[in-house]
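Open the model in your viewer and keep the selection tool at hand. We will begin with the whole chain and then go stop by stop.

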Amino acid sequence: MIRNSSTSSIIVEKEGSKRILTLNRPKALNALNLDMVREMYPRLREWEDSGDVDLIILKGAGEKAFCAGGDVLGYGMKYRNNDGQTTKFMDNAGSVEEILGNLRKENSKWAQDQLNTLSKMSPTSMKVTFKQIENGAKMSFSKVFTMEYRLTQRALEDHDFHEGCRAILIDKDKNPKWKPATLEEVSDEHIERYFSPLGHGQDLFLDDLTARI
């Protein structure tokens, strides 16, 4: 058996035609960061194309979790430290339109798959989500809590949430008619409304909620 260093965030083992790849960040519940993805992806592609590999086993180190998903905490810390990692992760995109442009430039099957998926999504929701991620990375937890609650209430007031439920859950035609229908038609004012105070004492603040418990 051939094995690389156990100090790496990715441990690779070779046993004949079998490959074992272990996510090795147990203290972070094996959450994936960009360095891990960059190390894993070429290996997986190499094994996929190799005629010598019959089985790939993916494991997580430690006893608590296989993988907690993306390393959101690390991502947030890097954003605050401004070490350039965030820029790489977001592909220098300052808007949803730029993300789509970057995907088109990549000209790969993976990029095309993402474009196909995003083309089916609500233009409003994509822009709201982009702004939500940008704002949330610079907010305290209590402010994020308030922002998230505002977004849920605004979504309930808007057309696309109900149209999505109709198309996916009720009629199941999987053909939602978004309004606005394109990114170009989504105004800045429409997006800002999602993040604006609800008014009339309807906002939910974490400090107020804690005081009631």
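Show the surface of the whole chain: its accessible area comes to about 14,200 Å², and 54% of that belongs to carbon and sulfur atoms. Areas here come from the Shrake-Rupley method with a 1.4 Å probe, and for residues only the protein chains shown count as cover. Of the 213 residues in the chain, 31% are buried; buried means under 20% relative accessible area, exposed means over 50%, and partly exposed lies in between (1.4 Å probe, protein chains only).

A word on what you are looking at. This is a predicted model, in which local features need pLDDT of at least 70, side-chain atom pairs count only at pLDDT 80 or more, and totals for chains, interfaces and linings use all residues. Residues are numbered from 1 along each chain as its sequence is written, and side-chain values use heavy atoms, with hydrogens and water left out.

**The cartoon**

Switch to a cartoon view. The chain has ten helices and four strands; both are DSSP runs numbered from the N terminus, with helices being H or I of at least four residues and strands E of at least two. Starting at the N terminus, you can follow the order β-β-β-α-β-α-α-α-α-α-α-α-α-α. Contact is counted when heavy atoms are within 4.5 Å. Among contacts between residues at least 6 apart in sequence, 59% join residues at least 24 apart.

**Colour by confidence**

Next, colour by pLDDT, the predictor's confidence in each residue, from 0 to 100. The chain has a mean of 84, and 84% of its residues reach 70 or more. Where is confidence lowest, and where is it highest? Select helix α3 (residues 85-89) for the lowest, at a mean of 41, and helix α9 (residues 188-195) for the highest, at 96.

Two stretches deserve a careful eye. Over residues 82-89, pLDDT stays under 50, and the model has twelve contacts there beyond four places in sequence. Over residues 209-213, pLDDT also stays under 50, and here the model has one such contact.

**Arg25 and its surroundings**

Select Arg25, in the loop between β3 (18-23) and α1 (34-49). Which residues does Arg25 touch, not counting those up to four places away in sequence? Show Ser9, Asn30, Ala31, Asn33, Met36 and Asp71 to see them. Then draw a distance between the C-alpha atoms of Arg25 and Phe66: the two residues are 41 apart along the chain, and these atoms are separated by 9.9 Å.

**Along helix α8**

Now select residues 159-170, which form helix α8. Its twelve residues reach 15 Å from the first C-alpha to the last, close to the 16 Å expected at 1.5 Å a residue; the expected span is 1.5 Å times one less than the number of residues. Colour Asp160, Glu163, Gly164, Arg166 and Ala167, which are the buried residues of α8. Turn the view to look down the axis: these buried residues fall within an arc of 160°, so they line one face of the helix. The arc is that of the directions from the helix axis to the C-beta atoms. In general, an α-helix has 3.6 residues a turn, so residues three or four places apart point the same way.

Turned away from the buried side is a face carrying the exposed residues Leu169 and Ile170. Part of what covers the buried residues is α6 (123-136).

**A stop in α6**

While α6 is in view, pick Asn135, which lies in this helix. Is Asn135 buried or exposed? It counts as buried, at 19% relative accessibility. Beyond its neighbours within four places in sequence, Asn135 is in contact with Met147 and Phe195.

**The loop after α8**

Return to the end of α8 and move into the loop that leads to α9. Lys172 is found in this loop, with a positive phi near 60° in a residue other than glycine. Lys172 is exposed, with a relative accessible area of 58%. Lys174 lies in the loop too and has a positive phi of about 55°, although it is not a glycine. Lys174 counts as exposed, at 67% relative accessibility.

Further along, select Pro180 in the loop between α8 and α9. A cis peptide bond joins Lys179 and Pro180, with omega about -5°. For background, most residues other than glycine have a negative phi, and most peptide bonds are trans.

**Last stop: the cysteines**

Finally, select Cys67, which is partly exposed at 26% relative accessibility, and Cys165, partly exposed at 24%. The structure holds zero disulfides, a disulfide being a pair of cysteine sulfur atoms within 2.5 Å.
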